[in-house]
Amino acid sequence: MRRKTAAKRLVFVEAAGSLFLNYGFSAVTMESIAAAANSSKVTLYNYFSSKEELFEAWAFEAGKGAFEQLVAAIDENMTPRDVLFRVGTAYLKLITKQEVISINRLIIGEAERFPQLAQRFYAVGPKRTLANLILAVDSLVVRGALVDQDANKMAVHFKALCEGTMFEKLIWGIDSLPSEDDIKALVADAVDNFILFYGNEAKSS
């Protein structure tokens, strides 16, 4: 048996992702994925046991880079406002990646027939992302910069403030991808409103 490699694994993931986007999840088979990757089904099954597993890996890969920036944005040496701005910016850059948008559109179309697909996507994408937003908010609560309330609800509120109506319009194909300046403006406004409602800056000074 040949040794597994990260490069070969990624070839399968990218081939599967391309097929999912072009033909939908239900129409794609393990055989077609192997063919698109110029490989055999035997080799493919050595890496992935199902196309559901491939979909999960594809969704995970789509967030790479941007997700790590979100994690790194939580810095206790920065001011609370700067932490929120960095976290919000990293979050919007993550959800406005073209591949992430495409996966969201695919999930909307396939969720009714394949609910397990939506569950896998939620676990590796939105759930992980929200967990890091909660960590960021909770770290500021601990520092006394924010009022001591439910960090989960506060993170969801911050997430909604950052998104506004932008994400919906992107998913529906109404608007084009935002520029760097667009993202910064959205996040700056979100941070102002979030601190206005939850801020406890006097305690952190």
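At what angle do the axes of helix α4 and helix α7 cross, and within what distance do they come? Let's take that pair as our way into this predicted model. Two packed helices are described by the angle between their axes and the distance between the axes. Here, the axes of α4 (residues 51-62) and α7 (residues 98-110) cross at roughly 145° and come within 9 Å. The crossing is left-handed.

If you zoom in on this contact, you will find F55, W58, A59 and A62 on the α4 side. Facing them from α7 are E99, V100, I103, L106 and I107. By class, the contact of α4 with α7 is made up of 8 nonpolar residues and 1 charged residue, with no polar ones.

Now step back to see the whole chain. Its secondary structure amounts to 13 helices and 0 strands, so reading from the N terminus you meet one α element after another, as helices and strands are counted from DSSP runs. Measured out along the principal axes, the C-alpha atoms fill a box of roughly 65 × 40 × 30 Å. Of the 205 residues in the chain, 41% are buried. Among contacts with a separation of 6 or more, 72% join residues that are 24 or more positions apart.

Let's return to α7, where N104 is also found. Is N104 buried or exposed? With a relative accessibility of 16%, N104 counts as buried, because the cut-off for buried is under 20%. Leaving aside residues up to four places away in sequence, N104 touches F121, F167 and I171.

F121 leads us on to the largest pocket, since it is one of the residues closest to the pocket's centre, together with I95, G125, P126 and T129. The pocket holds about 370 Å³ of space, and 22 residues line it. Which elements give two or more residues to this lining? They are α4, α6 (80-95), α7, α8 (115-124), α9 (126-142) and α10 (151-163), so both helices of our opening pair are on the list. The most comes from α9, with 4 residues. Sorted by class, the lining has 15 nonpolar, 4 polar and 3 charged residues.

One more residue deserves a look here: P126, which is found in helix α9. P126 has a relative accessible area of 31%, so it is partly exposed. P126 and I95 are 31 residues apart along the chain, and their C-alpha atoms are separated by 9.2 Å. Both belong to the group closest to the centre of the largest pocket.

Notes. Residues are numbered from 1 along each chain as its sequence is written. This is a predicted model: local features need pLDDT of at least 70, side-chain atom pairs count only at pLDDT 80 or more; totals for chains, interfaces and linings use all residues. Side-chain values use heavy atoms; hydrogens and water are left out. Axes are lines fitted to C-alpha atoms, for helices over the stretch in contact, and angles run from 0 to 180 degrees between N-to-C directions. A crossing is left-handed if the near helix is turned anticlockwise from the far one by less than a right angle, and right-handed if clockwise. Contact means heavy atoms within 4.5 Å. Ala, Val, Leu, Ile, Met, Phe, Trp, Tyr, Cys and Pro count as nonpolar, Asp, Glu, Lys and Arg as charged, and the others, Gly among them, as polar. On a 1 Å grid over the protein atoms alone, a cavity is a set of points where a 1.4 Å probe fits but cannot get out, and a pocket is an open set with protein on both sides within 12 Å along at least five of seven lines; lining residues have an atom within 4 Å of a point. Grid points are joined across faces, edges and corners, and a volume is the space filled by probe spheres set on the points. Buried means under 20% relative accessible area, exposed over 50%, partly exposed in between (1.4 Å probe, protein chains only).
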